[in-house]
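Here is a short briefing for a reader new to this structure. Look over the chain first, then take the topics one by one.

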Amino acid sequence: MRDWLHFRLTENEQLEIRRGKDFIQLRNGPFDLDLIFAPDGIERFEDAWQRHIEKHGLPIASLDDIVGSKQAANRQKDKESLPRLLSFREWLRKQG
């Protein structure tokens with residue numbers, strides 16, 4: 001096992017991350033983490049990368065891309081989280 005961001009990764013998880021498996025769920029760390037290498041609603045990685053932000057040295061998708069991906073996925077749990085994300089995005093825009 002290898003420790004990454006305080007997640008204990010199995011050898012299989014390490015291999016899946018290296019090869020860019022579409023979706024990996026990590027549940028053995030300080031919080032639940034979904035790694036999504038091919039999110040719905042994002043056509044080209046290069047475009048999304050231009051919009052990303054960095055926090056604590058980690059690249060994070062833009063909030064607009066996260067919202068767009070959840071809208072495109074159209075899953076029930078995404079529909080439930082969208083009002084909070086949209087409200088948060090509006091709050092951020094008002095902050096300047």
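**Briefing: helices, pockets and loops**

Right after α3 comes N74, with a positive phi near 60 degrees. The model is a predicted one. The chain holds 4 helices and 6 strands. From the N terminus, the order of elements is β-β-α-β-β-α-β-β-α-α.

**The chain as a whole**

- The C-alpha trace spans about 45 × 30 × 25 Å along its principal axes.
- The chain has 96 residues, and 21% of them are buried.
- Take the contacts between residues at least 6 apart in sequence: 21% of these join residues at least 24 apart.

**Helix α3**

- Four names make up the buried set of α3: L63, D65, V67 and S69.
- What do these buried residues pack against? They pack against α2 and α4.
- N74 sits in the loop that runs between α3 and α4.
- N74 is not a glycine, yet its phi is positive, at about 60 degrees.
- The relative accessible area of N74 is 47%, so the residue counts as partly exposed.

**Helix α4**

- Helix α4 covers residues 76-95, which is 20 residues.
- From first C-alpha to last, α4 reaches 30 Å. That is close to the 28 Å expected at 1.5 Å a residue.
- Where is the kink in α4? The kink lies at L82, shortly before the proline P83, and amounts to about 35 degrees.
- The buried residues of α4 are D78, S81, L82, L85 and R89. L82 is thus named twice, as the site of the kink and as a buried residue.
- An α-helix has 3.6 residues a turn, so residues three or four places apart point the same way.
- The buried residues of α4 pack against α3, which spans residues 63-73.
- Just after α4 comes G96, with a positive phi of about 100 degrees.

**The largest pocket**

- Rolling a probe the size of a water molecule over the atoms shows where empty space is left.
- The largest pocket holds about 1,400 Å³ of space.
- Its lining counts 35 residues, and those closest to the centre are D34, L35, I36, P39 and A61.
- Which elements give two or more residues to this lining? They are β4 (33-36), α2 (45-51), β6 (58-60), α3 and α4.
- The largest share comes from α3, with 5 residues.
- Sorted by class, the lining of the largest pocket has 20 nonpolar, 12 charged and 3 polar residues.

**The second largest pocket**

- The volume of the second largest pocket is about 200 Å³.
- Its lining is made of I53, I60, A61, S62, L63, D64, I66, R89, L92 and R93.
- At least two lining residues come from α3, and at least two from α4.
- By class, the lining of the second largest pocket has 6 nonpolar, 3 charged and 1 polar residue.
- A61 appears in both pockets: A61 is among the residues closest to the centre of the largest, and A61 also lines the second largest.
- L63 and R89 line the second largest pocket. L63 is one of the buried residues of α3, and R89 is one of the buried residues of α4.

**The loop at H56**

- H56 is in the loop between β5 (53-55) and β6.
- H56 is not a glycine, but its phi is positive, at about 55 degrees.
- Is H56 buried or exposed? H56 counts as exposed, because its relative accessibility is 83%.

**Two residues to look at**

- E16 belongs to helix α1, residues 11-19.
- E16 has a relative accessible area of 13%, so E16 is buried. The cut-off for buried is under 20%.
- Beyond neighbours within four places in sequence, E16 is in contact with K21 and I24.
- L58 lies in strand β6.
- L58 counts as partly exposed, because its relative accessibility is 35%.
- Not counting residues up to four places away in sequence, L58 touches L5 and I53. I53 is also one of the residues lining the second largest pocket.

Technical notes. Residues are numbered from 1 along each chain as its sequence is written. This is a predicted model: local features need pLDDT of at least 70, side-chain atom pairs count only at pLDDT 80 or more; totals for chains, interfaces and linings use all residues. Side-chain values use heavy atoms; hydrogens and water are left out. The expected span of a helix is 1.5 Å times one less than its number of residues. The bend at a residue is the angle between axes fitted to the seven residues ending there and the seven starting there. Buried means under 20% relative accessible area, exposed over 50%, partly exposed in between (1.4 Å probe, protein chains only). Contact means heavy atoms within 4.5 Å. On a 1 Å grid over the protein atoms alone, a cavity is a set of points where a 1.4 Å probe fits but cannot get out, and a pocket is an open set with protein on both sides within 12 Å along at least five of seven lines; lining residues have an atom within 4 Å of a point. Grid points are joined across faces, edges and corners, and a volume is the space filled by probe spheres set on the points. Ala, Val, Leu, Ile, Met, Phe, Trp, Tyr, Cys and Pro count as nonpolar, Asp, Glu, Lys and Arg as charged, and the others, Gly among them, as polar.
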